[in-house]
Amino acid sequence: MQIKNKQDISLILDNFSNFAEWDAAGKKLYLVFADKKRGGQWTLMSYEDERFSVHGVGKDYEDAEELFFDERNQVLSFLWDNRAALKAAVDSSQVVSA
């Protein structure tokens with residue numbers, strides 16, 4: 001999958017269940033991808049009420065809590081800034097689920 005613009009990212013969000021894993025305990029879908037700026041990983045989560053959040057963790061850091069996005073545009077901007085890592089995660093999830 002190519003990510004050339006925010007519309008491509010919006011399509012990923014619209015079809016998040018096709019790329020994400022299900023966490024039954026937390027009742028959410030999640031997708032893990034690299035946090036290239038901090039050298040760890042991001043976990044993007046989607047809840048049943050269609051809210052998205054993100055949490056980062058790495059060898060030398062762990063975010064204190066999930067960051068919930070108030071607007072879809074905030075999620076799109078965050079993912080646009082991390083599009084290479086998002087693309088790698090989406091591409092690998094398609095190979096696994098195929």
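This report covers salt bridges, aromatic pairs and charges over rings in a predicted model.

Residues are numbered from 1 along each chain as its sequence is written, and side-chain values use heavy atoms, with hydrogens and water left out. Because the model is predicted, local features need pLDDT of at least 70 and side-chain atom pairs count only at pLDDT 80 or more, while totals for chains, interfaces and linings use all residues.

**Salt bridges**

A salt bridge is a side-chain nitrogen of Lys or Arg within 4 Å of a carboxyl oxygen of Asp or Glu. By this rule there are six salt bridges, including the three in the table.

| Acidic residue | Basic residue | N to O distance |
|---|---|---|
| Asp14 | Arg72 | 2.7 Å |
| Asp49 | Arg51 | 2.9 Å |
| Asp91 | Lys87 | 2.5 Å |

Asp14 and Arg72 meet in a salt bridge. Asp14 belongs to helix H1 (residues 6–14) and Arg72 to helix H3 (residues 72–81), so this pair ties together parts that are 58 residues apart in sequence. Helices (H or I, at least four residues) and strands (E, at least two) are DSSP runs, numbered from the N terminus.

Buried means under 20% relative accessible area, exposed over 50%, and partly exposed in between (1.4 Å probe, protein chains only). Asp14 is exposed, at 53%, and Arg72 is partly exposed, at 37%. Asp49 and Arg51 are partly exposed, with 46% and 39% respectively. Lys87 is also partly exposed, at 30%; Lys87 and its partner Asp91 both lie in helix H4 (residues 83–97), four residues apart, about one turn of the helix. Elsewhere, a network of salt bridges links Asp35, Arg38 and Asp63.

**Aromatic pairs**

Rings of Phe, Tyr and Trp (its six-membered ring) pair if their centres lie within 6.5 Å; planes under 30 degrees apart count as stacked, over 60 as edge-to-face and the rest as tilted. The whole structure holds five aromatic pairs. In one of them, Trp42 and Phe78 are edge-to-face, at 4.9 Å centre to centre and 90 degrees between the planes. Trp42 lies in strand S3 (residues 40–47) and Phe78 in helix H3, so the pair ties together parts that are 36 residues apart in sequence. Both residues of this pair, Trp42 and Phe78, are buried. Phe69 and Phe78 have ring centres 5.7 Å apart and planes at 45 degrees, so that pair is tilted. Phe69 is buried, at 12% relative accessible area. One aromatic cluster is formed by Phe33, Trp42, Phe69 and Phe78.

**Charges over rings**

A charge sits over a ring if NZ of Lys or CZ of Arg is within 6 Å of the ring centre and within 35 degrees of the ring normal. Arg51 lies over the face of Tyr47, 5.7 Å from the ring centre, and Arg83 over that of Trp80, at 3.9 Å.
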